[in-house]
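Biologist: Please take a close look at one part of this model, the sheets and what packs on them. Start from a single bridge pair and work outwards.

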Amino acid sequence: MQNLQQLQQKREEILSEIKEIEKDTEGTDIILDALKSQRWYFFKNKKTVLFDKNSGLLWANLNYFPYGIKQRNGSYKQYSWPNIKDKKYEEKIKEVIAKFDFNGVTGFRMPDLYELWNIFKDGTNSIPFFKLLNRLDNYWYFMHQNKPYTKDFDSGSSRATDYLRDVDYHSAYIFPCSSYLIDGLDYQNEVINKRNSIYTEKERLQHLLDIFVKHQLQPMFDDKKATQAYNKIYIEKANLKKELQALESEIQKLQEEQKRLEELAAKEKETLSSTFDYNFLLSKYNIEEIGSSMIQYYEAVQSWINELLQKINDYEKQKEKVILDFNTISLKLSKKYENNSNLTEQENDLLQQRQAFFEKNLSLGMHSVKSKLLAVKKQADDLEQRIDQIDEGQNSIKELALLEKEERVHFAFLAENTAKIIKNALRKIEFFEKQHQFVLHAIEIWESWTEDYKILKTTYKEDLKNSCKEDDVEEEIWSKWYEDWRKLRFAIEEKIQPAIERGLKSEITVSSSKKENVAERLIAVLEDYKNNIDKFYLETRKGIYQKYVFQSGGELQEKFEAEGILYGFASTLQSELQNIIFDCKNAEDRIFILNWANSLLDISIDEILAFVADNDLQAISQEILTEFASLKQKNYDIYLADAKAYAEEKAKREKEYNSLVFKMRKDLMKQK
């Protein structure tokens, strides 16, 4: 195969030849002059046809076409089909024409009367077959008024329609024609009509030349110089262009191959990444041969794993700092969780699972990846060792046959799977590297929220207890408040891990320019909600109790007022979440946030319904209770495409909640 440099040199030579041909303006003038004076044209590459410039029609070359029935002496006898009707004659003539090969030219048919008449009676540049055509008693088939006829054009008639003969009575020759070259063209106006002032004579001749060139014809001019010029400009040049095109294609293939080899060489040196293309490594292996040879199989697996391990080592050196940073962070997470005696079993389980989640997802070392790869390599090593052991025995043929029948994963699939293992690990490292601040913040959240929940179970509980003791609030009463507080805080605590998990999965795209991670924003509004809850139970809850303690039915009014305030906190949470929801570009992320928060938004509704049921409050009408319960059925999903509609629905629900709570309290007052 010629090298790229040789092909490029040859291309330059061909381009030079083409330029030389294009410089020859004199050749075109010679061709146009020849076209001006010549009427009839044979074509070197279409030898079975003859072209008439005056009409634009192609006629059969009678040197080749069987215009009659050929006799043994080489002469032709006129066609004759006695005892058949006119239409049958037409079909027979069509059959003769259809059987002949016109070198790819189509549309040949019987001429009409005037098409034949014009070539017989036009004395200018007589048709090459003039003697044959005008011989006395030579009849020719043609169509006239949709009917086949015959006529002897040397009969002395002065009009085309004189002496027409029915085909039933005369045998005749066939001289077919075709308008193949001029179909769809205004040939007479563009080429022949000298009185058409739109085109100059040279332009009309150029139109004719364009027809020849378009159909790749090689006309034989009476002027040999014109034929030579035409061949040079329109045949040799076209062939040079074809050769150039083939050459360009070959050069492009070689350039692409050269580029591919350069890319492969670059990829050999390329360090790993989550977008790393493992196929180029695989391209060095003959998959088909490996699949048919046990020895090539284990050797390929060993080679493949060794190559991946080397790339992992190089990667770890490059990413040493980021891996070390995150592994240092994960050290505090690796400490075994110890149950806290102040927490319930459910609470300890939540905190333990959360720590395990952080430990698993924030460890960035490649140790586990290497272990998986080495396990694969060990299986290949074991296979090699088994073959060696069989070779030392006396029954190797049978044992090798049994070994060969054992099922093993296809090498290409094994390679793809090991690449997937590496890519998943690298994806996490790259994400953490990009989201370094978020990961650090996630660790802070884990530590601070875990510690804060323990404070709830100790310090905050003692603070509530001491505050109530000062005003002689019974333990039975404040203990119920604390349990409500704890349950609400536990429900809040359950939201931490899902938010962090979503943040670690992938970055949520937003419309605004806020730099803060969406998961961080969720935790921030959740913390505001938590602080409002804590402040309510430490500073406000006792005051509501004292407001109604001496009123008849005060316990019921107290509960409704407390839950109303808590519902207000949930509404504030929802308003803050609304800004985040509609900042997210993807509907999937909006739905995630809504589902993530839904259970918190319904807590006050659930609490009141449970309270009413536990206290068997008959004074509250069933209609009001049904309406109140239906608030839980409000579905915000359908408003996630429109922030305004979402806000309106939220405000409507808040108004309905307050209205129904007021009606409940009013019913209780009536009972009193």
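Modeller: In strand 7, the residue that bridges to Trp140 is Lys151. The model is a predicted one, and what follows describes that prediction. The Trp140 pair belongs to the contact between strand 6 and strand 7 (residues 147-152), where 6 bridges join the two strands in an antiparallel run. Strand 6 and strand 7 are part of an open sheet of 3 strands, ordered 6-7-8 and paired antiparallel. Strand 6 (139-144) and strand 8 (165-166) are the edges of this sheet; each has a single partner strand, so one side of each has no neighbour in the sheet. In general terms, the strands of a sheet are held in pairs by backbone hydrogen bonds, and the pairing may be parallel or antiparallel.

Helix 4 (residues 113-121) packs on this sheet and touches strand 6 and strand 7. The direction of helix 4 makes about 135° with that of strand 6.

Helix 4 also leads to a second sheet. Helix 4 lies across strand 1, strand 2 (46-52), strand 3 (58-60) and strand 9, and runs at about 80° to strand 3. These strands belong to an open sheet of 5 strands in the order 9-3-2-1-10, again with antiparallel pairing. Its edge strands are strand 9 (177-178) and strand 10 (219-220), each of which pairs on one side only. At the strand 10 end of the order, 2 bridges join strand 10 to strand 1 (residues 40-43), and the two run antiparallel. One residue to look for there is Phe42, whose bridge partner in strand 10 is Met220.

Helix 4 is thus the element to follow from one sheet to the other: it touches strand 6 and strand 7, and it lies across strand 1, strand 2, strand 3 and strand 9.

A side-chain link outside the sheets may also be worth viewing. Lys202 and Asp29 meet through their side chains in a salt bridge, at 3.7 Å from N to O. Lys202 sits in helix 7 (residues 201-214) and Asp29 in helix 2 (residues 25-37), so numbered that the pair links distant parts of the chain, 173 residues apart. The structure holds 30 salt bridges.

Key:
Residues numbered from 1 in each chain as written. Predicted model: local features only at pLDDT ≥ 70, side-chain atom pairs only at ≥ 80, totals over all residues. Heavy atoms only, no water. Pairing = 2+ DSSP bridges. Helix = DSSP H or I, 4+ residues; strand = E, 2+ residues; numbered from the N terminus. Contact = heavy atoms within 4.5 Å. Axes fitted to C-alpha atoms, helices over the stretch in contact; angles between N-to-C directions. Salt bridge = Lys/Arg side-chain N within 4 Å of Asp/Glu carboxyl O.
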